[in-house]
Amino acid sequence: MSGNGNIASSAPVTAVYLDHQATTPVDPRVLDAMLPYFSERFGNPHSNHAFGGEAADAVATARAQVAACIGATPREIVFTSGATESNNLAIKGAAEFYRERGGDHVIVAATEHKCVLESARAMAAAGTRITILPVQPTGLVDVGALADAIEDGTALVSIMAVNNEIGVIQPLAEIGSLCRQHNVMFHTDAAQAIGKTPIDVEAMNIDLLSISGHKIYGPMGIGALYVRRRPRARLVPQISGGGQERALRSGTLPAPLCVGIGLACDLAADEMAPETSRLMVLRERFHQRVLDAIPDAVLNGHAERRVAGNLNLGFQGADAETIVERLDDSVALSTGSACTSSSVEPSYVLRALGLGDALASSSVRVGLGRFTTEAEVDFAADRLVEAVQQLRSETPQPTGALAHA
Ligand SMILES: *Cc1c(COP(=O)(O)O)cnc(C)c1O
């Protein structure tokens, strides 16, 4: 065929992907490592023959890789289907175990992922008392306010490591030592933290920690829950079956996906320092380019205590949903969490920071990632600026709307 060159050159310009907090592409190195476990090494890792043994060895290596990237031991890692399941197991499992043993109170932050908030809500219906801890205007938890919220019956505190909308990093070590001091279990949803900020379950006194494969350049459909052994974090399993994963999560382990999340964790930890520096430069470049054209753009969330790849920007007077729609064929970004993007409600995370409806509904999330280039940053920033300026010129601006942030 003579058309191959033509097909390549006339291919539509692929949209620049700046939604890495929603999901990440699988790293080619991860895909390569996974592939044999779909085909020639297809054994059930729980089978007692050579086929099973080969898969079981790969799962063991993966478990060690996941453990190493958070300072845990392999026996403390439970594979799940994703961070949603890990969070459900941690919160429901702990709430159910401790409810009958004097611990009927759970504290979660207002800006947690929906799956944490909904798991807590489900436990409230079953008799656990839930405190939803407000956050500061920066998005950070006030550790003093958390200390005040802890009471005799508090069994569990669940505070995410990195927020998926605004990228802020919570003071995990302070929260962990406070919880340990009060003999309260500390769970953290670290889906957005692996490879972006150092995590050490020992130094930070973390008892339970959730990971997701597809947020760290691994596959969708796999996650992990770290469950501390000493002092032991106790959980009621949420899935019944053959007793795999130390009876905490029954079901056949998906060996190819385990291999994928294992290597993804390994690469994330290995490359964290240089990748953080690289992304910081790109993020500042993006932010500055936007500010040069739109000086009143507002940065939501703490300016320094945030991961390198995230910006959440408010453009008063320009509707964020419309910005996202207009950028649809050139830049992929989002107004916040993908899980709530079908609703027209402004982000509950931004509301928890104290933003009014107007600014909350005019804020977009920019998520840079491992394969984002400088050229993409420039292109995307320019498209975003155009979209905002166009929208503002079409929309009657209330007096003073642009004057304050
Ligand atoms: C994506 C995400 C989840 C859900 O993870 P899945 O693996 O998609 O179930 C939970 N918490 C945070 C902070 C996330 O970003």
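**Salt bridges and cores in the predicted model**

Asp27 is buried, with just 2% relative accessible area (buried means under 20%, exposed over 50% and partly exposed in between, using a 1.4 Å probe and protein chains only). This is a predicted model, so to speak of local features takes a pLDDT of at least 70 and side-chain atom pairs count only at pLDDT 80 or more, while totals for chains, interfaces and linings use all residues. Residues are numbered from 1 along each chain as its sequence is written, and side-chain values use heavy atoms, with hydrogens and water left out.

Asp27 has a charged partner: its side chain meets that of Arg29 in a salt bridge, at 2.9 Å from N to O (a side-chain nitrogen of Lys or Arg within 4 Å of a carboxyl oxygen of Asp or Glu). Arg29 itself is partly exposed, at 37%. By this rule, the count of salt bridges comes to 23.

Another of these pairs is Arg129 with Glu151, again 2.9 Å from N to O. Arg129 sits in strand β4 (residues 129–133) and Glu151 in the loop between α6 (143–149) and β5 (154–158), so the pair ties together parts 22 residues apart in sequence. Helices (H or I, at least four residues) and strands (E, at least two) are DSSP runs, numbered from the N terminus. Arg129 is partly exposed at 36% relative accessibility, and Glu151 is also partly exposed at 36%.

Then there is Asp207 with Arg228, at 3.1 Å from N to O. Asp207 belongs to the loop between β6 (185–189) and β7 (208–212) and Arg228 to the loop between β8 (223–227) and α8, so this pair links parts 21 residues apart in sequence. Asp207 is buried at 4%, and Arg228 is buried at 2%. Elsewhere, salt bridges with shared partners join Arg285, Arg289, Glu374, Asp378 and Asp382 into one network.

Now for the nonpolar side. The largest nonpolar core (buried Ala, Val, Leu, Ile, Met, Phe, Trp, Tyr and Cys residues joined through side-chain atoms within 4.5 Å) has 66 residues, and Ile70, Phe79, Leu146, Val157, Ile159, Leu209 and Ile211 touch the most other members. Helix α8 (residues 255–270) gives the most to this core, with nine residues. Both domain 1 (16–27 + 272–394) and domain 2 (28–266) supply at least three residues each; these bounds come from an automatic or database domain assignment. Apart from this core lies another, of 29 residues, including Ala320, Val331, Leu368 and Val385.
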